[in-house]
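Welcome! Work through these short exercises with the structure open beside you, and try each task before reading its solution.

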Amino acid sequence: MSTTHITVQGWVGTEVESSITSSGRTVATFRLGSTPSRQDRDGTWQPGETAWWTVRVWRQVAEQVGASLHKGEPVVVTGRLVVERWDRADGSIGERQVIEATALGHDLTKGRSAFMRAARAVPATPGTPAAPHDPVLADQARPMFSTVFPDTRPADARPLDPHEVAGAASGEEPQAPAA
């Protein structure tokens, strides 16, 4: 038996739906639409036919996807391709292609995103629906990348005077002042 791994660039086509399985694992799914485009000889871009995928993620990733992705946002998803089949009420066989995602996130070729380190997840209770977004959990998240860093200096610290730095006036490598 072989496994097919794919990477798809597209748009989140539905809101993320989260739930908890009877075994207590959190699962989240959403539909991913991917529309290829091609450039005509006259330079205009023509959209192709949209392919739809179901994306599924588990456990802590499911909670993070529920809090991070929303309908209409551009994403890149990579994972294992699974084909699910079932019997419909009319006797026909239903089929859908599911990507069991191993990595996913916003497509930064389409815009900006901010990364927030996830707070430690609270264990889920089996049989209860998972909350799609927990504002308390989001407030506990700590930004990993930022242009503003917290001031961690001691309260009695004073700004470093460049004239106190040995070698600053002579162009030598600056040295920290002696304590």
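**Exercise 1. Find what share of the contacts with a separation of 6 or more comes from residues 24 or more positions apart.**

Step 1: A contact means heavy atoms within 4.5 Å. Step 2: In this protein, residues 24 or more positions apart supply 58% of the contacts that have a separation of 6 or more.

Before you go on: this is a predicted model, where local features need pLDDT of at least 70 and side-chain atom pairs count only at pLDDT 80 or more, while totals for chains, interfaces and linings use all residues. Residues are numbered from 1 along each chain as its sequence is written, and side-chain values use heavy atoms, leaving out hydrogens and water.

**Exercise 2. Work out whether E100 is buried or exposed, and what it touches.**

Step 1: Locate E100 in strand β8, residues 93-106; strands are DSSP runs of E with at least two residues, numbered from the N terminus. Step 2: E100 counts as buried because its relative accessibility is 14%, and buried means under 20% relative accessible area (1.4 Å probe, protein chains only). Step 3: Setting aside neighbours within four places in sequence, E100 is in contact with R56, W58, G79, R80 and V82.

**Exercise 3. Place G105 and list its contacts.**

Step 1: G105 also lies in strand β8. Step 2: Beyond its neighbours within four places in sequence, G105 contacts P74, V75 and V76. Step 3: From G105 to L69, the C-alpha atoms are 8.0 Å apart, with 36 residues of separation in sequence.

Technical notes:
Buried means under 20% relative accessible area, exposed over 50%, partly exposed in between (1.4 Å probe, protein chains only). Helices (H or I, at least four residues) and strands (E, at least two) are DSSP runs, numbered from the N terminus.
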